[in-house]
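Student: I'd like to practise reading helix packing, chain contacts and backbone angles. Can we take them one at a time?

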Amino acid sequence: MSDQLNFLWRQLPNLLWGFPNNRPGGLVLSILLSGGAIALGLVLAIGLAFAQHSERSWLRLLAGRFVWAVRGVPLIVLLVLLFQYLGTGTILGIEFSAFWSAFITLTLYSAAYQADIVHGGIAAVPQQLRDDARVLGASRLTVARTITVPYSLRTMRPALVTQAVTIFKDSSVVVVLGVTDLTTNARIALGGDVGNAPFWVATYLLVGFLYWCVAFGIARFAERQIRHNASVVGRAYLS
Amino acid sequence: MPDWLTPELTGEIARGVVVTVALTLITTVSSFCVGLVAALGRRSGRRWTARAAGTFVEIFRNVPALILLIFLAFAVPNIVPQSSRPKVFFRNAFWDFLGDLTTLPLPYYAVAAIVALSCNTGAHLAEVLRSGFDAVPQSRIDAARSLGASVRAASLSVMVPDGLRIAFPGVINRLIHNLKNTALVGFVAVPDAFQEIQGAITKTFQASQLLIAAALLYLVLATVFEFVLGRIEAALWRGRPIDRTIDV
């Protein structure tokens with residue numbers, strides 16, 4: 001028992017923020033990787049969702065096909081596929097490491113799912129509201145920026161949070177490219193050493209617990225925020 | 001047909017596709033059962049049942065499927081002392097029988113993968129189904145009760161079918177996700193389609209073409225699966241209002 005705890009204690013920093021020569025890594029890298037992908041993905045997703053609502057049919061088709069294609073392929077296949085094209089060479093003078101390749105893949109993957117959510121959110125904005133703003137002289141862009149985006153983001157927030165948690169958990173798949181995230185570092189910590197066999201259960205319980213803490217924590221925090229905001233909005237309506 | 005694509009290689013990939021399809025069908029049914037039991041458990045009046053179901057859902061929903069897979073397949077066998085490990089997990093009458101049945105070399109890993117995916121998808125489905133059950137108008141359940149149905153009969157013959165109809169779009173989403181999650185079982189030595197394609201890449205070095213083929217394969221599988229699930233959804237609504245609403 002004590003050597004189990006001893007092993008975990010020795011490996012904990014490696015799991016949390018990476019091996020000494022490779023920082024940031026571990027859980028911190030998982031959070032950075034998925035957080036960046038979610039943020040950048042949301043920007044892309046808003047663009048994609050507007051494209052899906054566009055009056056130009058080719059733009060609608062293109063955005064729709066992109067979302068359909070990315071959503072129909074497992075993340076692990078996308079990761080290996082894009083790494084095949086991005087990871088083996090330099091494009092426009094940028095050398096794509098496994099990390100950046102994984103980051104780009106995760107961003108596109110995230111964007112496709114978020115685009116569907118934002119697409120639904122835009123559809124839920126009352127047309128009347130947008131038309132009124134247009135009548136008052138606002139340009140298309142102003143309407144999008146001041147009405148459609150903030151309004152739809154608010155209604156879609158629960159779905160976006162759920163999606164963000166999913167992306168965080170799915171980021172464990174980057175182990176296939178050897179990006180030194182939490183899952184990969186657990187693998188490295190255990191290594192091929194047969195002597196480490198007794199530590200597998202404890203190590204993966206710890207890794208699962210670390211993922212669980214972040215995923216459950218985000219979900220709970222967001223739930224509380226949304227409930228709080230809902231009660232504030234409710235009071236504003238009543239007064 | 002390119003000349004590097006030997007019949008032997010196509011045979012291996014085809015066997016992988018069969019494994020992927022079989023895994024998808026098995027985990028679809030099992031995770032649906034897990035999700036239904038967990039959702040009903042969570043709504044149950046008994047406090048400890050509800051608490052146990054809630055704990056199950058919150059644990060398996062918030063841990064990555066990949067970690068569950070590796071834990072069950074590779075970590076759990078280490079609990080048994082090394083001397084008796086092969087006998088318990090890999091070489092006994094039960095596993096030999098299962099190996100002969102499925103033609104898999106190490107059936108324990110496939111079983112572990114099925115359990116891991118069922119728990120993961122089941123926990124997600126439980127939440128989807130629960131929101132469906134919550135959306136069934138109480139007046140419908142009350143109506144059944146006033147006609148003399150017991151609590152159990154009212155929930156099984158009114159709440160469950162209506163809730164399932166309401167929740168089915170979410171169920172479809174999650175089951176498609178589950179289909180794609182089966183691509184992870186290659187990590188735990190189950191020879192599914194993607195694992196076989198990666199094996200073919202190491203033999204032929206035709207990475208770009210084989211990976212594109214893998215992506216197309218999953219696109220086709222997901223599209224077909226979505227079509228089938230859509231037909232099931234249509235069957236669930238047969239003989240009911242065309243606008244798919246539940247009457248109060």
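Student: How are H1(B) and H8(B) oriented to each other?

Tutor: Keep in mind that this is a predicted model. For orientation, start with the angle between the axes: over 145 degrees would count as roughly antiparallel, and 65 to 115 as roughly perpendicular. Helix H1 (residues 7–43) and helix H8 (residues 151–181), both of chain B, pack at about 140 degrees, so H1(B) and H8(B) are oblique. Their axes lie 10 Å apart.

Student: What is the hand of the crossing where H1(B) passes H8(B)?

Tutor: Right-handed. On the H1(B) side the contact is made by B:Thr24, B:Thr27, B:Thr28 and B:Ser31, and on the H8(B) side by B:Leu175, B:Asn178 and B:Leu179.

Student: How do the residues of the contact of H1(B) with H8(B) divide into nonpolar, polar and charged?

Tutor: Five are polar, two are nonpolar and no charged residue takes part.

Student: Let's try another pair. At what angle do H2(B) and H6(B) pack?

Tutor: About 120 degrees, with the axes of H2(B) and helix H6 (residues 107–134) of chain B 8 Å apart. The roughly perpendicular range ends at 115, so H2(B) is oblique to H6(B). The crossing of H2(B) with H6(B) is left-handed.

Student: Which residues in H2(B) and H6(B) meet?

Tutor: From H2(B) you have B:Phe56, B:Val57, B:Phe60 and B:Arg61; from H6(B), B:Cys119, B:Asn120, B:Ala123, B:His124, B:Ala126 and B:Glu127. Sorted by class, that contact has six nonpolar, two polar and two charged residues.

Student: Now the step up from helix pairs to chain pairs. How is the size of an interface often given?

Tutor: Often as the accessible area lost when the parts come together. Here, let's go by residue contacts instead: 27 residues of chain B are in contact with 25 residues of chain A.

Student: Which helix of chain B gives the largest share of the side that touches chain A?

Tutor: H10(B), with nine residues. Helix H2 (47–61), helix H3 (65–75) and helix H10 (207–236) of chain B each supply at least two residues of that side. By class, the side of chain B that touches chain A has 21 nonpolar, four polar and two charged residues.

Student: Next, backbone angles. What sign of phi do most residues other than glycine have?

Tutor: Negative, so a positive value in such a residue is worth a look. B:Ala189 is a case, with phi near 60 degrees. B:Ala189 sits in the loop between H8 and helix H9 (193–204) of chain B. B:Phe205 also has a positive phi, about 60 degrees, without being a glycine, and lies in the loop between H9 and H10 of chain B.

Student: Is B:Ala189 partly exposed or buried?

Tutor: Count neighbours: 20 or more would make a residue buried, and 12 or fewer exposed. B:Ala189 has 17 C-beta neighbours inside 10 Å, so B:Ala189 is partly exposed. B:Phe205 has 10, so B:Phe205 counts as exposed.

Student: Zooming out, how many helices and strands does chain B have?

Tutor: 10 helices and zero strands. The C-alpha atoms of chain B fill a box of roughly 70 × 50 × 30 Å along the principal axes, and buried residues make up 41% of its 248 residues. Look at sequence separation too: of the contacts in chain B with a separation of 6 or more, 77% come from residues 24 or more positions apart.

Methods:
Residues numbered from 1 in each chain as written. Chains lettered and ligands numbered in written order. Predicted model: local features only at pLDDT ≥ 70, side-chain atom pairs only at ≥ 80, totals over all residues. Axes fitted to C-alpha atoms, helices over the stretch in contact; angles between N-to-C directions. Helix = DSSP H or I, 4+ residues; strand = E, 2+ residues; numbered from the N terminus. Parallel < 35°, antiparallel > 145°, perpendicular 65-115°, else oblique. Left-handed = near helix turned anticlockwise from the far one by under 90°. Contact = placed C-beta atoms within 7 Å. Nonpolar A, V, L, I, M, F, W, Y, C, P; charged D, E, K, R; others polar.
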